Amino acid sequence: LKRGFATTSVKNVIKNVTVIGGGLMGSGIAQVAAQAGQTVTLVDLNADILKKSETSIQNSISRVAKKIHKDDATASQKFVTETFSRIKFNADPLQNLAEADLVVEAIVENIDIKHKLFKSLDDAAPQKTIFASNTSSLSIGQIASVTKRKDRFAGLHFFNPVAIMKLLEVIRIPETSEETYQAVMAWGKSVGKTCITCKDTPGFVVNRLLVPYLAESIKLYERGDASAQDIDTAMKLGAGYPMGPLELADYTGLDTCLFILDGWNKKYPGNPLFESPQILRKLVKEGKLGRKTGEGFYNYKK
Ligand code: NAI
C-alpha cells in the first residue's frame with residue numbers, strides 16, 4: 001500500500017463537532033454525528049433557516065429510529081429525543097467554537113464565501129480544531145489556503161442523503177498531517193461511513209467518474225440516439241445501476257450538474273469530458289432543474 005492510502009484502526013477522538021450550513025448536506029452531517037453520540041452545533045445564517053434544518057433533522061431521525069427500533073415505540077422515541085438533544089442550533093459560527101474538535105463546512109458552493117468563513121474561523125478556533133469542507137467541486141487546497149492550519153485541514157465529502165449513503169470521501173491535501181488524516185478517518189467510521197481516501201483532484205473519485213458519465217448520457221439523448229427512458233432502462237438492466245443517468249441527473253438537479261461542469265471546464269479548458277451539453281444549459285435556463293422544480297428530462301408534475 002502507498003503511504004497515506006491505508007485504512008485506519010485509530011480510535012475516534014472527535015467528540016464535539018460544529019457543522020456550518022444547515023441545508024441539505026449540513027443537516028444530514030449534524031444528524032449522523034449526533035446519532036453517533038457526539039455533541040453538535042449546527043450553524044446557519046438565521047433562525048428561520050435553522051428552524052427548517054431542525055424540522056428536517058427531526059423527521060430524518062424519526063425515520064432512522066423506526067428502522068432501528070421497529071416494534072418498540074418507547075425506545076424509538078427515546079432515541080429521537082436523545083439524539084436531537086445533542087444538537088444545538090446557532091446563527092453565530094464562532095459560538096461554541098472553543099470546544100470544537102472538528103468543524104465541517106457545508107455552506108453554499110462559492111469560493112469567496114467559503115474563504116471569508118474559514119478566515120474568521122481560523123482566527124477564532126483553538127489550535128486543536130480540525131477544519132474540513134464538504135465541497136463537491138472546489139479544490140480543498142484552495143479553500144484551505146486562507147487558513148494557517150493547512151496541516152489540520154481535509155476534505156470530507158458526504159453523499160446525499162447523508163443519513164442513508166454509506167460512503168465518505170476523505171480528501172488529503174499535501175499539507176494534511178498524518179494525525180489529522182487518521183483523526184478524520186476514525187471520525188468518518190464513527191458516524192457510520194465507509195471512508196475512502198483521495199487526493200485533491202477535481203470531483204475526487206465519485207463525481208470525477210459520475211459527472212462525465214451523466215454528461216455523456218445527456219449528449220447521447222441530445223443527438224437523438226435513444227430516448228430518455230431507453231437510456232435509463234439500458235443502464236439499469238444492462239449495467240446494473242440502481243438509477244438511470246437521466247433520472248439521476250434530474251434527482252441531483254440539472255443546475256448542480258451544469259454548475260460542476262462549468263466550473264471544471266473553466267479551470268481545465270479543453271477536456272472534452274467536462275464540456276456541458278447544449279440541452280442541459282437550455283433546460284436550466286428554462287428553470288427545468290429536475291425533480292425539485294417538477295420537470296427536467298422527465299415531467300414529475302403529473
Ligand atoms: P444547501 O443550499 O442545501 O445548503 C447550504 C446552506 O448554507 C444554506 O442553508 C445556507 O443558508 C447556508 N449558508 C450559506 N452561506 C452561509 C454562511 N456564510 N454561513 C452559514 N451558513 C451559510 O446546499 P447543500 O446541497 O447542502 O450543499 C452544501 C455544500 O455541500 C456545498 O459545498 C456542496 O458542493 C456540497 N455537497 C452537496 C451535495 C449535494 O448532493 N447537494 C453532495 C456533497 C457535497
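## Helix 2 and its cover

Let's start with what packs over helix 2: its buried residues are covered by elements that include helix 1, strand 2 (39-43), helix 3 (73-85) and strand 3 (87-90). Keep in mind that this is a predicted model. The residues under that cover are Ser-53, Ile-57, Ile-61 and Ala-65. They sit on the same side of helix 2, because the arc they take up around the axis is only 100°.

Flip to the other side of helix 2 and you find exposed residues: Asp-48, Thr-55, Asn-59, Arg-63 and Lys-67. The length of the helix checks out too. Helix 2 runs over residues 47-68, and its 22 residues at 1.5 Å a residue should span 32 Å; the end C-alpha atoms are 31 Å apart, so the two agree.

## Around the ligand

The shell around the ligand has 24 residues, and the ones that come nearest are Gly-21, Gly-23, Met-25, Ser-136 and Asn-160. By type, the shell splits into 13 nonpolar, 9 polar and 2 charged residues.

As for helices, helix 1 (24-35) and helix 4 (111-124) each put at least two residues into this shell. Helix 1 is the top contributor, with 3 residues. Helix 1 also turns up in the cover over the buried residues of helix 2.

## The annotated span

An unreviewed UniProt entry annotates residues 16-201 as "domain: 3-hydroxyacyl-CoA dehydrogenase NAD binding". In the model, that span is 42% helix and 21% strand, and its end C-alpha atoms lie 29 Å apart.

## Backbone oddities in the loops

Asn-160, one of the residues that come nearest the ligand, is also worth a look for its backbone. The peptide bond from Asn-160 to Pro-161 is cis, with omega near -5°. Pro-161 itself belongs to the loop between strand 6 (153-157) and strand 7 (167-172).

Two non-glycine residues with positive phi are worth checking as well. Asn-96 has phi of about 65° and lies in the loop that joins strand 3 to strand 4 (102-105). Phe-204 has phi near 50°, and its loop runs between strand 8 (194-199) and helix 7 (206-222). Their surroundings are a separate matter: Asn-96 has 16 other C-beta atoms within 10 Å, so it is partly exposed, whereas Phe-204 counts as buried because it has 22 C-beta neighbours inside 10 Å.

How values were computed. Residues are numbered from 1 along each chain as its sequence is written. This is a predicted model: local features need pLDDT of at least 70, side-chain atom pairs count only at pLDDT 80 or more; totals for chains, interfaces and linings use all residues. A residue is near a molecule or strand if its C-beta atom, placed from the backbone, lies within 6 Å of it. Helices (H or I, at least four residues) and strands (E, at least two) are DSSP runs, numbered from the N terminus. Ala, Val, Leu, Ile, Met, Phe, Trp, Tyr, Cys and Pro count as nonpolar, Asp, Glu, Lys and Arg as charged, and the others, Gly among them, as polar. UniProt positions are given in the numbering used here, feature names are shortened, and annotations may be inferred rather than shown by experiment. The expected span of a helix is 1.5 Å times one less than its number of residues. A residue is buried if 20 or more other C-beta atoms lie within 10 Å of its own, exposed if 12 or fewer, and partly exposed in between; C-beta atoms are placed from the backbone. The arc is that of the directions from the helix axis to the C-beta atoms. Two residues are in contact if their C-beta atoms, placed from the backbone, lie within 7 Å.
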